[in-house]
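Please look through the sequence and the coordinates below before reading on. The report that comes after them is meant to be read alongside both.

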Amino acid sequence: SSSSSLSSSSSMKDPPPLISSKNNPNYTPLYLHVTPSGDHFTGPPIFAAKHMNPTDVLSIRVNDDFDLETLGEMTIQEAHDVYDTGRIVERWRKYTIDTQ
């Protein structure tokens, strides 16, 4: 029946939602992740699989309200610069947690 199809689709392993209240014991910090190719996205900390090199993704801690849709995407050159230097683009520095 339809309830069994709903339960099977809801049992797929989606990532847990980010919990942004720092008072919550399940709080999940937010990171900007940048790859050498210039791809970038936000999300929780990434734990690299055994087959990944630690340099495959650069992660920079950002404020909980950091939002790529609101702030605008980085250009490919900016993303390469961020990956190469480990420093977030100037216009976004106020949204970072780590001092850079």
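The sections below go from the overall fold to the sheet, the last helix, a buried loop residue and the salt bridges.

## Overall architecture

The model is predicted rather than determined by experiment. The protein contains three helices and three strands, and along the sequence these elements follow the pattern α-β-β-β-α-α. Of the 100 residues, 23% count as buried, while the accessible surface comes to about 7,000 Å², with 54% of that area belonging to carbon and sulfur atoms.

Contacts between residues at least 6 apart in sequence give a further view of the fold: 55% of them join residues that are at least 24 apart.

## The three-stranded sheet

The three strands make up an open sheet in the order β2-β1-β3, with antiparallel pairing. Its edges are formed by β2, residues 40-43, and β3, residues 58-62, each of which pairs on one side only. From one strand to the next, the twist averages 25°.

Strand β1, residues 30-34, is joined to β2 by four bridges, the two strands running antiparallel, and β1 also pairs with β3 in the antiparallel sense over five bridges. Individual partners can be named on both sides of β1: His33 stands opposite Phe41 in β2, whereas Val34 has His40 as its bridge partner in β2 and stands opposite Leu58 in β3. As a general point on such elements, the side chains of a regular strand alternate between the two faces of the sheet.

The connection from β1 to β2 is a hairpin with five residues between the strands, and in its turn Gly38 has a positive phi of about 105°. How enclosed is β1 by the rest of the structure? Four of its five residues are buried, so β1 is largely enclosed by the rest of the structure.

## Helix α3 and its buried face

Helix α3 spans residues 76-85, and its buried residues are Glu78, Ala79, Val82 and Tyr83. Seen down the axis of α3, these buried residues fall within an arc of 135°, so they line one face of the helix. The general geometry of helices gives a context for this pattern: an α-helix has 3.6 residues a turn, so residues three or four places apart point the same way.

On the other side of α3, Gln77, Asp84 and Thr85 are exposed. Which strands do the buried residues of α3 pack against? They pack against β1, β2 and β3. After the helix comes Gly86, whose phi is positive, near 75°.

## Met74 in the loop before α3

Met74 lies in the loop between α2, residues 68-71, and α3. With a relative accessibility of 6%, Met74 falls under the 20% cut-off and therefore counts as buried.

Leaving aside residues up to four places away in sequence, Met74 touches Leu32, Val34, His40, Ala79, Val82, Val89, Arg91 and Trp92. Among these contacts, Ala79 and Val82 are also buried residues of α3, and Val34 and His40 are also bridge partners in the sheet. Trp92 is 18 residues from Met74 in sequence, and their C-alpha atoms are 9.9 Å apart in space.

## Salt bridges

The structure holds three salt bridges. In one of them Glu78 pairs with Arg91, the closest N and O atoms being 2.5 Å apart. This pair links distant parts of the chain, since Glu78 is in α3 and Arg91 is in the segment after α3, 13 residues apart. Glu78 is among the buried residues of α3, whereas Arg91 is partly exposed, with a relative accessible area of 39%.

Another salt bridge is formed by the side chains of Glu90 and Arg93, at 2.4 Å from N to O; here Glu90 counts as exposed at 59% relative accessibility, while Arg93 is partly exposed with a relative accessible area of 22%. In the pair of Asp64 and Arg61, the closest N and O atoms are 4.0 Å apart, a value to be read against a criterion of within 4 Å. Asp64 is partly exposed at 28% relative accessibility, and Arg61 is buried, with a relative accessible area of 10%.

How values were computed. Residues numbered from 1 in each chain as written. Predicted model: local features only at pLDDT ≥ 70, side-chain atom pairs only at ≥ 80, totals over all residues. Heavy atoms only, no water. Pairing = 2+ DSSP bridges. Axes fitted to C-alpha atoms, helices over the stretch in contact; angles between N-to-C directions. Buried < 20%, exposed > 50% of the residue type's maximum accessible area, 1.4 Å probe, protein only. Contact = heavy atoms within 4.5 Å. Areas by Shrake-Rupley, 256 points an atom, 1.4 Å probe, with all protein chains shown as cover. Arc of directions from axis to C-beta.
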